[in-house]
Structure formats: structure tokens, C-alpha cells
Amino acid sequence: MKLLIKLAIVALIANAAWHVMAAYTSFYRFKDAVQETTQFGNGKSIDQLRARVIALAGDYDLPIGDDDFTVTREGQHTTVDGSYSKPIDLAPGYSRPWTFEFHVDTFSEAPVSSPSR
């Protein structure tokens, strides 16, 4: 009986760890994609960068809307700041909202060009 209880506890911990790891994996992949977008996006307008960030959030199944982040650019320096909250299943029937904050700060050597229309 003790063995079954120990196995159940281990299974619950493994389940929670799996769900947290999956959420963080999506978060870091999204953050890396945003960094790549800003680093090589000097030819894009702020609105185009915002649209790309929202598209990336959809690709990684993250609940990020237009009001959840900001994009600023000063010359060749681009910054994206934001956060979102996503529920994570820690145990069967028990979810907890988890907040993820991201800050992407890039500087590109490429000259800023006006966006093509």
C-alpha cells in the first residue's frame, strides 16, 4: 500500500513538472522568435512588428493580445515588453494561472529602412 501511495505522489509530481515545463518551453521559444523578429526587422514598421508578435503568440498557442505588450524603437534599438497569464494544470482537476513576463531588447547593425508598402 505504501508503494502505491509513493507511486501516486511521484506521478502527480511528474505530471505537474511536465505541464510547467511545456508552458516554459513555449514561452522561451516565443521569446526567442520575438528576439529574432526584432533583430532582423529594421525594415518593418512598429505596426508590422506588433502584428508579427501576435502571429508568433498564435503559433505557440499563447494568450497574448494587442494590449498585452508594447513595442518601442529608437533608431536601431528595439524593445518589446509584455506579459500574459496562462492556466497550468498542476494536478488532475487543479489549474493555477501562471504569469509570464517577457522583455526583448535588441540592437541591430542593419540600418533602419522605411517599411515597404
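Me: Angles under 35 degrees count as roughly parallel, over 145 as roughly antiparallel, 65 to 115 as roughly perpendicular and the rest as oblique. How are helix 1 and helix 2 oriented to each other?

Reply: This is a predicted model in which local features need pLDDT of at least 70 and side-chain atom pairs pLDDT 80 or more, while totals for chains, interfaces and linings use all residues. Residues are numbered from 1 along each chain as its sequence is written, and side-chain values use heavy atoms, without hydrogens and water. The axes (lines fitted to C-alpha atoms over the stretch in contact, with angles from 0 to 180 degrees between N-to-C directions) of helix 1 (residues 2–39) and helix 2 (residues 46–59) come within 10 Å and cross at roughly 155°. Helix 1 and helix 2 (DSSP runs of H or I, at least four residues; strands are E, at least two) are therefore roughly antiparallel.

Me: Which residues of helix 2 make the contact with helix 1?

Reply: Contact means heavy atoms within 4.5 Å. Helix 1 contributes Phe30, Ala33, Val34 and Thr37, and helix 2 contributes Leu49, Arg52, Val53, Leu56 and Ala57.

Me: Which residue's side chain makes a polar contact with the side chain of Thr78?

Reply: Thr78 lies in strand 2 (residues 77–91) and is buried (under 20% relative accessible area; exposed is over 50%, partly exposed in between, with a 1.4 Å probe and protein chains only), at 0%. A polar contact pairs N or O atoms within 3.5 Å; within protein, one must be able to donate a hydrogen and the other to accept it, and residues adjacent in sequence count only if both atoms are side-chain atoms. At 3.5 Å, the partner of Thr78 is Arg73.
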